[in-house]
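Below is a short structural report, starting with internal space and ending with the annotated domain. Please keep the model open while reading.

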Amino acid sequence: MPKEARPGTGEQARKHVLAQLRQAILLGEMAPAQRLVENELAERFDVTRASVRAALIELESEGLVERIRNRGSRVRVVTVEEAVAITECRMALEGLCAAKAAVAATEDQLTELAGLGTAMSKAVADGEPLVYSGLNHELHARIREFSGQRVAVELLERLNGQLVRHRFQLALRPGRPQQSLSEHLAMIEAIRARDPQAAEAAVRGHLAGVIDALRQ
């Protein structure tokens with residue numbers, strides 16, 4: 001991005017830094033416990049320290065960043081216990097979204113879910129855990145989107161951002177993609193059958209499996 005195109009001050013600069021940092025954390029480009037030095041970030045994004053500080057405060061409210069007294073900010077470390085608690089909340093919200101999607105999704109959207117299921121099966125057969133992890137993330141995002149339940153979607157986006165490290169670790173655990181594939185296919189099947197109760201139960205069953213895997 002050319003220097004003259006970068007927003008250096010004000011609200012536009014804060015939003016720019018906020019979006020860039022959020023994306024880097026959510027994609028795992030910034031590791032848990034990585035220090036976030038205001039001077040370095042200001043230089044990197046060609047904005048003021050005030051803009052960086054405002055963005056970090058907002059990311060702290062989202063649970064992605066934590067401020068350590070006398071040491072500054074860092075990417076928040078989410079413990080296994082916290083990851084389990086977050087996943088328990090996801091069970092209720094994602095179960096609701098799946099039930100809603102089973103009723104509200106269009107035929108084209110149901111076809112898209114089926115295509116994701118096929119791609120996930122191929123990723124497992126080809127031994128591509130990171131491809132599978134990306135498709136897993138996309139499937140959950142599509143179900144949330146198709147549900148039309150905006151409040152649940154907003155809450156889940158905040159919760160899911162805190163689980164990036166654990167999601168990648170589970171994806172790389174031997175045998176985990178094969179185990180979760182059948183759970184995801186059951187979710188897709190229930191939504192395509194327009195059975196909200198079965199869709200919610202499938203999501204809850206899948207996330208119960210995630211909790212078991214986190215505790216291992």
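## The largest cavity

In this predicted model, the largest cavity holds about 360 Å³ of space. The structure has 1 cavity of 30 Å³ or more. Lining the largest cavity are 21 residues. Those closest to its centre are Arg90, Asn136, Arg167, Leu170 and Val210.

Which elements give two or more residues to this lining? They are α4 (80-104), α6 (129-147), α8 (164-172), α9 (176-192) and α10 (196-215). Helix α6 supplies the largest share, 6 residues. By class, the lining of the largest cavity counts 10 polar, 7 nonpolar and 4 charged residues. Rolling a probe the size of a water molecule over the atoms is how such empty space shows up.

## Overall architecture

The chain has 216 residues, and 44% of them are buried. Its C-alpha atoms fill a box of roughly 55 × 35 × 30 Å along the principal axes. There are 10 helices and 3 strands. Along the sequence, these elements follow the pattern α-β-α-α-β-β-α-α-α-α-α-α-α.

## The sheet

The 3 strands form an open sheet. Their order is β1-β3-β2, and the pairing is antiparallel. Strands β1 (35-36) and β2 (65-68) stand at the edges. Each has a single partner strand, so one side of each is left without a neighbour in the sheet.

How many bridges join β1 and β3? Strand β1 pairs with β3 (residues 72-75) over 2 bridges, in the antiparallel sense. Across this pairing, arginine 35 stands opposite arginine 74 in β3. In general, strands of a sheet pair through backbone hydrogen bonds, either parallel or antiparallel.

## Cysteines

How many disulfides does a search of the whole structure find? The search finds 0. Cysteine 97 is in no disulfide, and the nearest cysteine sulfur, that of cysteine 89, is 14 Å away. Seen from the other side, the closest cysteine sulfur to that of cysteine 89 is the one in cysteine 97. The 14 Å between them is too far for a bond. The cut-off for a disulfide is a pair of cysteine sulfur atoms within 2.5 Å.

The two cysteines also have their accessibility on record here. Cysteine 89 is partly exposed, with a relative accessible area of 41%. Cysteine 97 is buried, with a relative accessible area of 1%. It counts as buried because its value is under 20%.

## Leucine 21 and its contact along the chain

Leucine 21 lies in helix α1 (residues 10-26). Is this residue buried or exposed? Leucine 21 has a relative accessibility of 1%, so it counts as buried.

Leucine 56 is 35 residues away from leucine 21 along the chain. In space, their C-alpha atoms are separated by 8.5 Å.

## The annotated domain

An unreviewed UniProt entry carries the annotation "domain: HTH gntR-type". According to that record, the domain covers residues 11-78. In the model, the span is 54% helix and 15% strand. The end C-alpha atoms of residues 11-78 lie 29 Å apart.

How values were computed. Residues numbered from 1 in each chain as written. Predicted model: local features only at pLDDT ≥ 70, side-chain atom pairs only at ≥ 80, totals over all residues. Heavy atoms only, no water. UniProt positions renumbered as here; feature names shortened; annotations may be inferred. Helix = DSSP H or I, 4+ residues; strand = E, 2+ residues; numbered from the N terminus. 1 Å grid on protein atoms, 1.4 Å probe; cavity = no way out; pocket = protein on both sides within 12 Å on 5 of 7 lines; lining within 4 Å. Points joined across faces, edges and corners; volume = space filled by probe spheres on them. Nonpolar A, V, L, I, M, F, W, Y, C, P; charged D, E, K, R; others polar. Buried < 20%, exposed > 50% of the residue type's maximum accessible area, 1.4 Å probe, protein only. Pairing = 2+ DSSP bridges.
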